[in-house]
Amino acid sequence: MSRTTHAIYISLLSLIVAFALIILIIRGLAYYNTSLEERFFHADHELLKPSGAWGHGLGIIGSFFMLVGVAAYMIRKRYRRWSRLGVLKHWLEFHIFLCTLGPIMVLFHTAFKFGGLVAVSFWSMVAVFASGIAGRFIYIQIPRTIEGRELTLREVREMNKGLESEASLERRIKRLEKMQNLFKYWHVAHLPFAIVMLIIMIIHVGVTIVFGYRWIF
(Lines give C-alpha, C1' and ligand atoms only; values in the text may rest on other atoms or scores of the structure.)
Protein backbone atom coordinates (compact mmCIF):
# COMPACT_ATOMS: atom_id res chain seq x y z
CA MET A 1 0.00 0.00 0.00
CA SER A 2 1.54 3.30 -1.13
CA ARG A 3 1.59 6.41 1.05
CA THR A 4 -1.21 7.91 -1.02
CA THR A 5 -3.34 4.80 -0.70
CA HIS A 6 -2.60 4.60 3.00
CA ALA A 7 -3.64 8.24 3.44
CA ILE A 8 -6.90 7.51 1.61
CA TYR A 9 -7.43 4.45 3.82
CA ILE A 10 -6.96 6.50 7.01
CA SER A 11 -9.18 9.28 5.69
CA LEU A 12 -11.93 6.80 4.83
CA LEU A 13 -11.88 5.26 8.30
CA SER A 14 -11.95 8.72 9.87
CA LEU A 15 -14.88 9.77 7.69
CA ILE A 16 -16.84 6.67 8.71
CA VAL A 17 -16.32 7.49 12.38
CA ALA A 18 -17.27 11.14 11.85
CA PHE A 19 -20.34 10.21 9.79
CA ALA A 20 -21.54 7.69 12.39
CA LEU A 21 -21.09 10.26 15.17
CA ILE A 22 -23.06 12.90 13.26
CA ILE A 23 -25.91 10.44 12.56
CA LEU A 24 -26.08 9.41 16.22
CA ILE A 25 -26.15 13.01 17.39
CA ILE A 26 -28.80 14.10 14.89
CA ARG A 27 -30.98 11.07 15.58
CA GLY A 28 -31.03 11.40 19.35
CA LEU A 29 -30.13 14.99 20.21
CA ALA A 30 -33.63 15.96 21.31
CA TYR A 31 -33.94 12.87 23.51
CA TYR A 32 -30.48 13.14 25.09
CA ASN A 33 -31.09 16.83 25.87
CA THR A 34 -34.21 15.89 27.82
CA SER A 35 -33.79 15.51 31.57
CA LEU A 36 -33.70 11.96 32.95
CA GLU A 37 -37.01 12.51 34.74
CA GLU A 38 -38.81 13.59 31.56
CA ARG A 39 -37.33 11.07 29.14
CA PHE A 40 -39.97 8.50 30.06
CA PHE A 41 -42.55 10.72 28.37
CA HIS A 42 -40.43 11.46 25.29
CA ALA A 43 -41.66 10.03 21.99
CA ASP A 44 -38.32 8.34 21.33
CA HIS A 45 -37.90 6.85 24.80
CA GLU A 46 -38.86 3.29 23.86
CA LEU A 47 -36.49 3.38 20.93
CA LEU A 48 -33.43 5.21 22.32
CA LYS A 49 -33.34 4.03 25.92
CA PRO A 50 -30.50 1.54 26.67
CA SER A 51 -32.90 -1.40 26.42
CA GLY A 52 -34.73 -0.01 23.38
CA ALA A 53 -34.32 -1.37 19.87
CA TRP A 54 -31.95 1.42 18.82
CA GLY A 55 -30.16 1.87 22.14
CA HIS A 56 -29.72 -1.84 22.79
CA GLY A 57 -28.50 -2.39 19.25
CA LEU A 58 -25.86 0.29 19.63
CA GLY A 59 -24.57 -1.46 22.74
CA ILE A 60 -24.39 -4.84 21.04
CA ILE A 61 -22.78 -3.59 17.83
CA GLY A 62 -20.39 -1.27 19.67
CA SER A 63 -19.24 -4.05 21.99
CA PHE A 64 -18.81 -6.38 19.02
CA PHE A 65 -16.65 -3.80 17.23
CA MET A 66 -14.40 -3.43 20.26
CA LEU A 67 -14.01 -7.18 20.72
CA VAL A 68 -13.21 -7.71 17.04
CA GLY A 69 -10.83 -4.74 17.01
CA VAL A 70 -8.87 -6.05 19.99
CA ALA A 71 -8.90 -9.72 18.99
CA ALA A 72 -7.97 -9.19 15.33
CA TYR A 73 -5.00 -6.96 16.14
CA MET A 74 -3.71 -9.22 18.92
CA ILE A 75 -3.94 -12.33 16.71
CA ARG A 76 -2.18 -10.59 13.80
CA LYS A 77 0.53 -9.25 16.11
CA ARG A 78 1.27 -12.38 18.16
CA TYR A 79 0.92 -15.29 15.71
CA ARG A 80 3.45 -15.64 12.92
CA ARG A 81 1.11 -17.70 10.77
CA TRP A 82 -0.96 -14.53 10.28
CA SER A 83 2.08 -12.37 9.42
CA ARG A 84 1.36 -12.51 5.70
CA LEU A 85 -2.12 -11.09 6.11
CA GLY A 86 -1.41 -7.45 5.50
CA VAL A 87 0.99 -4.98 7.08
CA LEU A 88 0.90 -4.71 10.87
CA LYS A 89 0.49 -0.93 10.89
CA HIS A 90 -2.63 -1.25 8.74
CA TRP A 91 -4.06 -3.71 11.23
CA LEU A 92 -3.26 -1.20 13.96
CA GLU A 93 -5.19 1.48 12.10
CA PHE A 94 -8.14 -0.88 11.76
CA HIS A 95 -7.87 -1.70 15.47
CA ILE A 96 -7.97 2.02 16.29
CA PHE A 97 -10.93 2.49 13.95
CA LEU A 98 -13.06 -0.22 15.54
CA CYS A 99 -11.99 0.74 19.06
CA THR A 100 -13.00 4.33 18.37
CA LEU A 101 -16.30 3.62 16.66
CA GLY A 102 -17.25 0.94 19.22
CA PRO A 103 -16.95 3.19 22.32
CA ILE A 104 -18.88 5.95 20.55
CA MET A 105 -21.76 3.55 19.93
CA VAL A 106 -21.59 2.25 23.50
CA LEU A 107 -21.69 5.84 24.76
CA PHE A 108 -24.96 6.44 22.94
CA HIS A 109 -26.22 3.05 24.11
CA THR A 110 -25.99 4.33 27.70
CA ALA A 111 -28.10 7.36 26.69
CA PHE A 112 -25.56 9.33 28.77
CA LYS A 113 -26.89 7.80 31.95
CA PHE A 114 -24.19 6.25 34.12
CA GLY A 115 -24.46 4.41 37.38
CA GLY A 116 -23.38 1.29 39.25
CA LEU A 117 -21.40 -1.35 37.40
CA VAL A 118 -22.10 0.30 34.07
CA ALA A 119 -20.29 3.42 35.27
CA VAL A 120 -17.19 1.40 36.14
CA SER A 121 -17.24 -0.24 32.72
CA PHE A 122 -17.80 3.08 30.97
CA TRP A 123 -14.96 4.90 32.69
CA SER A 124 -12.69 1.92 32.13
CA MET A 125 -13.59 2.20 28.46
CA VAL A 126 -12.79 5.92 28.54
CA ALA A 127 -9.42 5.14 30.16
CA VAL A 128 -8.68 2.52 27.50
CA PHE A 129 -9.64 4.95 24.74
CA ALA A 130 -7.55 7.80 26.19
CA SER A 131 -4.53 5.58 26.80
CA GLY A 132 -4.96 4.23 23.27
CA ILE A 133 -4.59 7.74 21.87
CA ALA A 134 -1.43 8.22 23.94
CA GLY A 135 -0.16 4.82 22.79
CA ARG A 136 -0.75 5.75 19.18
CA PHE A 137 1.34 8.88 19.63
CA ILE A 138 4.18 6.89 21.21
CA TYR A 139 3.90 4.20 18.51
CA ILE A 140 4.44 6.60 15.62
CA GLN A 141 7.53 8.05 17.34
CA ILE A 142 9.34 4.70 17.27
CA PRO A 143 11.37 4.13 14.05
CA ARG A 144 9.90 1.22 12.08
CA THR A 145 10.27 -0.64 8.84
CA ILE A 146 7.80 -0.04 6.03
CA GLU A 147 5.91 -3.12 7.20
CA GLY A 148 5.45 -1.55 10.62
CA ARG A 149 7.97 -3.66 12.53
CA GLU A 150 9.81 -1.83 15.30
CA LEU A 151 13.48 -1.20 14.53
CA THR A 152 16.12 -2.38 16.99
CA LEU A 153 18.98 -0.21 18.21
CA ARG A 154 21.35 -2.22 16.02
CA GLU A 155 19.25 -1.56 12.93
CA VAL A 156 19.11 2.15 13.72
CA ARG A 157 22.90 2.25 14.09
CA GLU A 158 23.31 0.51 10.73
CA MET A 159 21.24 3.29 9.19
CA ASN A 160 24.09 5.64 10.09
CA LYS A 161 25.72 4.73 6.79
CA GLY A 162 23.28 6.96 5.01
CA LEU A 163 23.36 9.77 7.54
CA GLU A 164 25.44 12.88 7.14
CA SER A 165 26.40 13.34 10.79
CA GLU A 166 26.92 11.35 14.00
CA ALA A 167 24.59 13.78 15.81
CA SER A 168 21.64 12.62 13.68
CA LEU A 169 22.26 9.00 14.68
CA GLU A 170 22.50 9.83 18.38
CA ARG A 171 19.20 11.70 18.27
CA ARG A 172 17.45 8.73 16.69
CA ILE A 173 18.94 6.29 19.21
CA LYS A 174 17.93 8.45 22.17
CA ARG A 175 14.43 8.82 20.77
CA LEU A 176 14.14 5.09 20.22
CA GLU A 177 15.29 4.28 23.75
CA LYS A 178 12.94 6.85 25.27
CA MET A 179 9.91 5.76 23.27
CA GLN A 180 10.57 2.06 23.90
CA ASN A 181 10.58 2.74 27.64
CA LEU A 182 7.42 4.83 27.41
CA PHE A 183 5.74 2.06 25.40
CA LYS A 184 6.51 -0.45 28.17
CA TYR A 185 4.95 1.82 30.79
CA TRP A 186 2.00 2.46 28.49
CA HIS A 187 1.18 -1.25 28.37
CA VAL A 188 1.09 -1.29 32.18
CA ALA A 189 -1.72 1.28 32.09
CA HIS A 190 -3.56 0.27 28.92
CA LEU A 191 -3.87 -3.48 29.44
CA PRO A 192 -5.40 -3.52 32.97
CA PHE A 193 -8.08 -1.01 31.99
CA ALA A 194 -8.87 -3.08 28.89
CA ILE A 195 -9.18 -6.26 30.96
CA VAL A 196 -11.45 -4.57 33.52
CA MET A 197 -13.60 -3.17 30.74
CA LEU A 198 -13.95 -6.55 29.03
CA ILE A 199 -14.77 -8.39 32.27
CA ILE A 200 -17.46 -5.91 33.26
CA MET A 201 -18.79 -5.91 29.71
CA ILE A 202 -19.20 -9.70 29.85
CA ILE A 203 -20.93 -9.43 33.24
CA HIS A 204 -23.21 -6.71 31.90
CA VAL A 205 -24.14 -8.76 28.85
CA GLY A 206 -24.78 -11.80 31.04
CA VAL A 207 -27.08 -9.81 33.33
CA THR A 208 -29.08 -8.40 30.42
CA ILE A 209 -29.56 -11.89 29.00
CA VAL A 210 -30.71 -13.22 32.39
CA PHE A 211 -33.27 -10.41 32.60
CA GLY A 212 -34.57 -11.33 29.17
CA TYR A 213 -33.20 -8.56 26.97
CA ARG A 214 -32.73 -10.15 23.54
CA TRP A 215 -32.68 -7.07 21.32
CA ILE A 216 -34.35 -8.01 17.99
CA PHE A 217 -33.80 -11.75 18.31
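**Charges over rings**

I looked first at Arg27 and found its charged end over the ring of Trp54, 5.9 Å from the ring centre; I count a charge as sitting over a ring if NZ of Lys or CZ of Arg is within 6 Å of the ring centre and within 35 degrees of the ring normal. I then noted that the charged end of Arg39 sits over the ring of Tyr31, at 5.0 Å from its centre.

I should record at once that this is a predicted model, in which local features need pLDDT of at least 70 and side-chain atom pairs count only at pLDDT 80 or more, while totals for chains, interfaces and linings use all residues. Residues are numbered from 1 along each chain as its sequence is written, and side-chain values use heavy atoms, with hydrogens and water left out.

**Salt bridges**

I returned to Arg27 for its polar partner: its side chain meets that of Asp44 in a salt bridge, 3.4 Å from N to O, the term being a side-chain nitrogen of Lys or Arg within 4 Å of a carboxyl oxygen of Asp or Glu. This pair links distant parts of the chain, since Arg27 lies in helix α1 and Asp44 in the loop between α1 and α2 (45-48), 17 residues apart. Arg27 is partly exposed because its relative accessible area is 31%; with a 1.4 Å probe and protein chains only, buried means under 20% relative accessible area, exposed over 50%, and partly exposed in between.

How many salt bridges does the structure hold? I find two, and one of them joins the side chains of Lys49 and Glu46 at 3.1 Å, N to O. Glu46 has a relative accessibility of 52%, so I enter it as exposed.

**Aromatic pairs**

I took rings of Phe, Tyr and Trp (for Trp, the six-membered ring) as paired if their centres lie within 6.5 Å, with planes under 30 degrees apart called stacked, over 60 edge-to-face and the rest tilted. By this rule I have seven aromatic pairs. Phe40 and Phe41 form an edge-to-face pair, with 5.4 Å between centres and 90 degrees between planes, and both of these residues are exposed. Phe64 and Phe65 form a tilted pair, at 6.4 Å centre to centre and 45 degrees between the planes; Phe65 is entered as partly exposed because its relative accessibility is 22%. I also noted one aromatic cluster formed by Tyr31, Tyr32, Phe108 and Phe112.

**Nonpolar cores**

I next looked for nonpolar cores, meaning sets of buried Ala, Val, Leu, Ile, Met, Phe, Trp, Tyr and Cys residues joined through side-chain atoms within 4.5 Å. The largest has 14 residues, and those with the most contacts inside it are Tyr32, Phe97 and Phe108. Helices α1 and α4 are the elements that give two or more residues to this core, and α4 gives the most, with six residues.

Which residues does Tyr32 touch, leaving aside its neighbours within four places in sequence? I list Leu24, Arg39, Leu48, Phe108, Ala111 and Phe112, contact here meaning heavy atoms within 4.5 Å. Apart from the largest core lies another of six residues, among them Val106, Phe122, Met197 and Met201.

**Leu107, Phe114 and Gly28**

I followed Leu107, which lies in helix α4 (residues 88-109) and is partly exposed because its relative accessible area is 22%. Beyond its neighbours within four places in sequence, Leu107 is in contact with Phe112, Phe114 and Phe122. Its C-alpha atom is 8.6 Å from that of Leu58, although the two residues are 49 apart along the chain.

I then moved to Phe114, in the loop between α4 and α5 (116-141), which counts as partly exposed at 34% relative accessibility. With neighbours within four places in sequence again left aside, Phe114 is in contact with Leu107, Ala119 and Phe122.

Is Gly28, in helix α1 (residues 3-32), buried or exposed? I find Gly28 buried, with a relative accessible area of 1%. The C-alpha atoms of Gly28 and Gly55, 27 residues apart along the chain, are separated by 10.0 Å.

**The whole chain**

I closed with the overall make-up, which comes to seven helices and zero strands, where helices (H or I, at least four residues) and strands (E, at least two) are DSSP runs numbered from the N terminus. Buried residues make up 34% of the 217 residues in the chain. Of the contacts with a separation of 6 or more, 66% are between residues 24 or more positions apart. The chain exposes about 13900 Å², of which carbon and sulfur atoms supply 69%; accessible areas come from the Shrake-Rupley method with a 1.4 Å probe, and for residues only the protein chains shown count as cover.
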